[in-house]
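Let's take a walk through this one together. Have a look at the sequence and the model first, and then we'll go from the whole chain down to one spot on its surface.

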Amino acid sequence: MKELLKRSLWRGILLYVYVFLGGCLFYYIERKPERNQELSSRLLRELQRGFAVKYNISINESHFRRFAQKAFDAVHVGTKPDWGIFTGMTFTITTLTTIGYGHITPETSLGQLLTILYCLFGLPISLLTLKTFGEIVSRIVHRIVCVIEKRVLCRERPTNIKLKSFFLTSILMFLTLCAGGLTQKYVEGWTFTEGLYAWFATLSTIGYGDYVPMWNLLKGKGNSLNGLWFLLYSLSLPSLAALSVVSGLLNSLVEALAEFRFHLTACYKNVKNKKRTCQGRQEELILRRVLLESYREAKYKEGNIRPRSASV
């Protein structure tokens with residue numbers, strides 16, 4: 001129990017130090033010379049002056065702010081999707097995969113309670129499904145590594161199979177992210193960095209929601225049958241396949257860590273045995289030297305005694 005508490009304490013300290021360093025790093029990179037509230041006030045004043053000059057009317061600041069807030073609310077409502085079967089399926093997919101972009105959310109109390117009950121039963125099913133798909137990916141990669149080791153490299157007894165499977169799955173995960181970034185670049189006109197960032201946020205189930213892959217294309221399809229098929233083939237299947245690769249990577253990581261610990265323990269035991277052997281040899285050499293010196297002393301004494309006895 002003490003070891004567990006000590007390990008938890010050190011890991012908690014490491015986590016908080018890492019969080020602090022990350023916060024400082026992102027603050028240094030993302031900070032702006034002007035705060036958002038100051039920028040908003042300045043833009044509103046410029047908009048108010050432009051509005052007054054263009055339409056030749058005078059309006060005080062408080063009335064103009066209310067007008068701007070209503071205009072913002074009207075624009076914001078227009079960007080939110082209407083609920084339908086298509087929207088509901090998109091919401092359930094992003095919910096059960098724990099991505100949670102936040103671009104579709106229930107607003108009624110009944111819908112929020114239903115989300116809780118729906119997830120209580122749906123999340124275990126989703127996690128078990130992804131776990132099973134991940135095991136399939138891990139076994140396929142494991143077989144590929146075995147085939148390469150035996151048939152291509154001609155090794156009768158391949159070693160470190162799980163570690164090699166982990167590295168191969170990591171390469172597959174990297175290629176999946178790159179494919180997602182390129183897809184967003186040529187399909188939706190994003191930059192490669194934005195597409196890579198969006199798919200990483202998706203596959204890591206962080207789901208910030210600032211970039212939602214394929215959402216602009218999906219909105220244009222509406223709630224028609226073609227839209228549902230497009231949802232199935234453009235979002236559901238690719239996301240499920242990519243999340244299966246993530247699950248396979250996690251499975252490979254667990255197996256690779258177990259294999260690495262086994263090798264590390266074996267190496268530690270070998271080193272310990274070698275030290276014991278070396279210590280045993282040193283003790284044996286010391287004992288031999290002691291015996292040899294005592295033998296020489298005995299011989300020397302015997303040689304000194306014999307001549308005296310002869311002279312007598």
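Start with how much of the chain is tucked away: of its 312 residues, 23% count as buried. Keep in mind that you're looking at a predicted model. The accessible surface adds up to about 23,900 Å², and carbon and sulfur atoms account for 65% of that area.

What is the chain built from? It has 9 helices and 0 strands, so-called α elements that run α-α-α-α-α-α-α-α-α from the N terminus on. As for how the chain meets itself, take the contacts between residues at least 6 apart in sequence: 58% of these join residues at least 24 apart.

Now turn to the surface. There's a nonpolar patch of about 1,000 Å² here, and its members are Phe133, Ile136, Ile140, Ile144, Ile148, Val152, Leu153, Leu168, Ile171, Phe174, Leu175 and Leu240. Which elements give two or more residues to it? Those are helix 5, spanning 109-152, and helix 6, spanning 161-187. Helix 5 is the top contributor, giving 6 residues to the patch.

Leu240 deserves a look of its own. You'll find this patch member in helix 9, which covers residues 225-311. Is Leu240 buried, exposed or partly exposed? Its relative accessibility is 31%, and because buried means under 20% and exposed means over 50%, Leu240 counts as partly exposed. That value also fits the patch, because patch residues need over 30% relative accessible area.

Note on methods. Residues numbered from 1 in each chain as written. Predicted model: local features only at pLDDT ≥ 70, side-chain atom pairs only at ≥ 80, totals over all residues. Heavy atoms only, no water. Patch = residues over 30% accessible without salt bridge, like charges linked within 9 Å, V, L, I, M, F, W, Y side chains within 5 Å. Areas by Shrake-Rupley, 256 points an atom, 1.4 Å probe, with all protein chains shown as cover. Salt bridge = Lys/Arg side-chain N within 4 Å of Asp/Glu carboxyl O. Helix = DSSP H or I, 4+ residues; strand = E, 2+ residues; numbered from the N terminus. Buried < 20%, exposed > 50% of the residue type's maximum accessible area, 1.4 Å probe, protein only. Contact = heavy atoms within 4.5 Å.
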